[in-house]
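Work through the exercises below with the sequence and the structure side by side. Try each task on your own before reading the solution that follows it.

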Amino acid sequence: MGISSNSSAATEKPPSSPSPPQRPTHQDDADEEDESVKQLQECSALYLSLQECLIKSNRDWKSCQAEVQALKSCNANRNRSSNMKN
């Protein structure tokens, strides 16, 4: 007398529910940031460069210090210029 096993149960996959359509990661954030990026004016390219670096480095700020410093410098220059106009 042997013990019978139901081998077909082990190979069956549970029914999967349909997944919703995938939106690009952080698409809502990107839509909201468009206005903020435009307000950066001449520094917007540096900001986008920093964002790209952070994505590539898995949000490792230490790897993106060149971009951080460039944006910081640009923003400081922009603020100085704005103060001189007033």
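**Exercise 1.** In this predicted model, determine which residues of α4 are exposed and which are buried, and then find where the buried ones sit around the helix axis.

*Solution.* Begin with the exposed side of α4, where Ala-66, Lys-72, Asn-83 and Met-84 are found; a residue counts as exposed when its relative accessible area is over 50%. Next, turn to the other side of α4, where Val-68, Leu-71 and Cys-74 are buried. These buried residues cover an arc of only 135° around the axis, which puts them on the same side of α4. Finally, look for what covers the buried residues of α4, and α3 will be found to be included in that cover.

**Exercise 2.** Compare the span of α4 with the span expected at 1.5 Å a residue.

*Solution.* Count the residues of α4, which come to 21, and then take the distance from its first C-alpha to its last, which is 30 Å. That reach is close to the expected value, which is 30 Å as well.

**Exercise 3.** Find the disulfides, and for each one state which parts of the chain are joined and whether its cysteines are buried or exposed.

*Solution.* Taking sulfur atoms within 2.5 Å as the criterion, the count comes to 2 disulfides. One of them joins Cys-43 to Cys-74, with an S to S distance of 2.0 Å. Since Cys-43 lies in the loop between α2 (27–39) and α3, while Cys-74 belongs to helix α4, this pair ties together parts that are 31 residues apart in sequence. Both Cys-43 and Cys-74 are buried.

The other disulfide joins Cys-53 to Cys-64, at an S to S distance of 2.1 Å. Here the link runs from helix α3, which holds Cys-53, to the loop between α3 and α4, which holds Cys-64, and the two cysteines are 11 residues apart. Cys-53 is buried at a relative accessible area of 13%, and Cys-64 is buried at 0%.

As a last step, number the bonded cysteines in sequence order, and the pairing reads 1-4, 2-3.

**Exercise 4.** Locate Ser-57 and describe its surroundings.

*Solution.* First place Ser-57 in the loop between α3 (44–56) and α4 (65–85). Then follow its side chain, of which a polar atom lies 3.3 Å from the backbone nitrogen of Asp-60. Leaving aside residues up to four places away in sequence, Ser-57 touches Ser-63 and Cys-64, and Cys-64 is the cysteine joined by a disulfide to Cys-53.

Note on methods
Residues numbered from 1 in each chain as written. Predicted model: local features only at pLDDT ≥ 70, side-chain atom pairs only at ≥ 80, totals over all residues. Heavy atoms only, no water. Helix = DSSP H or I, 4+ residues; strand = E, 2+ residues; numbered from the N terminus. Polar contact = N/O pair within 3.5 Å; in protein donor to acceptor, adjacent residues only side chain to side chain. Contact = heavy atoms within 4.5 Å. Expected span 1.5 Å × (residues − 1). Buried < 20%, exposed > 50% of the residue type's maximum accessible area, 1.4 Å probe, protein only. Arc of directions from axis to C-beta.
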